[in-house]
Amino acid sequence: ATLVRARACETMPADPPSCPCCRNPWSRSADTFALACAECVADDAGGVTGLDPANMDPAVSPAEDFYRHANGKWIENNPVPGEYPAWNTFVALHDANLTRLRALLDDLPAPTPGQAPTTTDQKVALFWKAALDEEAVEAAGLAPLEPLLKACDLAAEDLTAALASLHASYGVSAAFHVDEGADDKDSDFTLLHVCQGGLGLPDRDYYFDEDKAEQRKLYEDHVAATLER
C-alpha cells in the first residue's frame with residue numbers, strides 16, 4: 001500500500017486539488033495519511049454519515065480479509081437476531097421501519113363505534129385494529145373467506161370466470177399477474193406487462209415432473225391443513 005501511495009503521489013501535481021471537506025488524503029504526508037476522515041463522517045447533529053470508522057476492525061489486515069477489516073466491529077456489535085436468518089444494515093433499516101410504521105398506525109384515530117369511517121386515516125385505523133382483534137378473527141373462522149373460496153371453486157365449471165373474479169374482485173394473481181413498467185426500447189412509454197404468477201411452487205416442473213412428486217404431496221398436505229384451520 002505504501003509503494004502504491006508513493007507512486008500515486010509522484011504523479012500528482014505539486015499542489016494537488018483537495019476535497020473541500022477533508023482536503024483529500026492524497027495531499028497529506030505519508031505519516032498522516034488517513035484511512036477514513038473524521039471530518040467527512042461526522043454530521044452537524046453528532047451522528048454519522050457515509051463511512052464510519054467505528055465499524056471497521058483495524059486489527060485485521062485489509063490484505064488478508066478486507067471484508068472483516070471494513071466491517072469487523074459492526075459484525076461484532078450486531079449479532080443476527082434469533083428471528084432472522086441473516087442481518088445487515090438493510091434488514092436493520094427494514095426492522096426499524098416496521099416499528100415506526102406500527103407506531104404511526106397505533107396513533108391513528110379510529111371512528112366512533114357504530115359510525116362509518118369518513119376519512120382515509122379512519123379507514124386505515126379501522127382496518128388495522130380489526131387485524132389486531134385476534135378474538136374476533138378466531139370467532140369468524142373462515143367465514144370472511146367464503147366468497148373467495150367460492151370464486152376458487154368456480155374454476156371447476158368456468159376457469160375464465162374464476163380467473164376474472166379472482167383478479168378483479170380479490171386482487172389474487174392466479175395463473176398470471178398484470179403490472180406496468182417502462183418500455184425496454186423506449187423509456188418515454190409505459191407498457192402493460194403480463195407475467196406468469198399465482199404459483200405456490202417454484203415453477204411448472206414441480207406440478208408435473210415425477211421426481212417432484214414428494215414435494216408436490218407435501219405442498220398439497222400443507223394447503224389442505226391451512227384450509228382446515
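The following dialogue discusses how to read the fold and surface of a predicted model.

Trainee: What should be known about the model beforehand?

Mentor: The model is predicted: local features need pLDDT of at least 70 and side-chain atom pairs count only at pLDDT 80 or more, while totals for chains, interfaces and linings use all residues. Residues are numbered from 1 along each chain as its sequence is written, and side-chain values use heavy atoms, with hydrogens and water left out.

Trainee: How many helices and strands does the protein chain have?

Mentor: Helices (H or I, at least four residues) and strands (E, at least two) are DSSP runs, numbered from the N terminus. The protein chain has ten helices and two strands, in the order α-α-α-α-α-α-α-α-β-β-α-α.

Trainee: What share of the residues counts as buried?

Mentor: Buried means under 20% relative accessible area, exposed over 50%, and partly exposed in between (1.4 Å probe, protein chains only). Here 13% of the 229 residues count as buried.

Trainee: Which residues make the nonpolar surface patch?

Mentor: Patch members have over 30% relative accessible area and no salt bridge (a side-chain nitrogen of Lys or Arg within 4 Å of a carboxyl oxygen of Asp or Glu). Nonpolar side chains (Val, Leu, Ile, Met, Phe, Trp, Tyr) are joined within 5 Å, like charges within 9 Å. In this model, Leu-98, Leu-101 and Leu-104 make a nonpolar patch of about 280 Å², by the Shrake-Rupley method. Leu-104 lies in helix α4 (residues 89-106) and is exposed, at 57% relative accessible area.

Trainee: Where is Asp-133 found?

Mentor: Asp-133 sits in the loop between α5 (120-132) and α6 (134-140) and is partly exposed, at 37% relative accessibility.

Technical notes:
Areas by Shrake-Rupley, 256 points an atom, 1.4 Å probe, with all protein chains shown as cover.
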